[in-house]
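Biologist: Could you take a close look at the salt bridges for me? I'd like to hear which side chains pair up, and where those residues sit.

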Amino acid sequence: MKIRPLRDRVVVRREEEETTSAGGIVLPGSATEKPNQGVVVAIGDGVFLDNGEKRPVSVSVGDKVIFGKYAGSDTVKIDGEELIIVSESEIYAVLED
């Protein structure tokens, strides 16, 4: 798969949805919430600041990130896989081991 986001955009593979509740009830796809975690699969080359300097994106490919509930309204299917494209500012945190 080849995708190169522009500027401060980040392409994220969303984690799988939970299909079972905490009590063990199997939930249909329409009842589950979209997960707000995923893995970065591609990053843009950064954004130019007002002073002309280029600021690189602060996440790296392979990072596990948390993003907002409504982030990623821009989805794309590549090689049968659904990916979301978010702005770097829509990413709240990087999960570390």
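Modeller: Happy to. A salt bridge here means a side-chain nitrogen of Lys or Arg within 4 Å of a carboxyl oxygen of Asp or Glu. Keep in mind that this is a predicted model. The structure holds five salt bridges, and I'll walk you through some of them.

Start with Arg13 and Glu81, whose side chains form a salt bridge at 2.3 Å, N to O. This pair links distant parts of the chain: Arg13 belongs to strand S1 (residues 9–14) and Glu81 to strand S7 (residues 81–87), 68 residues apart. Arg13 has 31% relative accessibility, so it counts as partly exposed. Glu81 counts as partly exposed too, because its relative accessibility is 25%.

Next up is Arg55, which makes a salt bridge with Glu88; the closest N and O atoms are 3.1 Å apart. Arg55 lies in strand S4 (residues 54–55), while Glu88 is in the loop between S7 and strand S8 (91–95), so the pair ties together parts that are 33 residues apart in sequence. The two ends of this bridge fall into separate classes of accessibility: Arg55 is partly exposed at 33%, whereas Glu88 is buried, with a relative accessible area of 10%. The cut-off behind that call is 20%, since buried means under that value.

Then there's Lys54, which forms a salt bridge with Asp45, with 3.4 Å between the closest N and O atoms. Lys54 is partly exposed at 41% relative accessibility, and Asp45 is partly exposed at 47%.

Conventions. Residues are numbered from 1 along each chain as its sequence is written. This is a predicted model: local features need pLDDT of at least 70, side-chain atom pairs count only at pLDDT 80 or more; totals for chains, interfaces and linings use all residues. Side-chain values use heavy atoms; hydrogens and water are left out. Helices (H or I, at least four residues) and strands (E, at least two) are DSSP runs, numbered from the N terminus. Buried means under 20% relative accessible area, exposed over 50%, partly exposed in between (1.4 Å probe, protein chains only).
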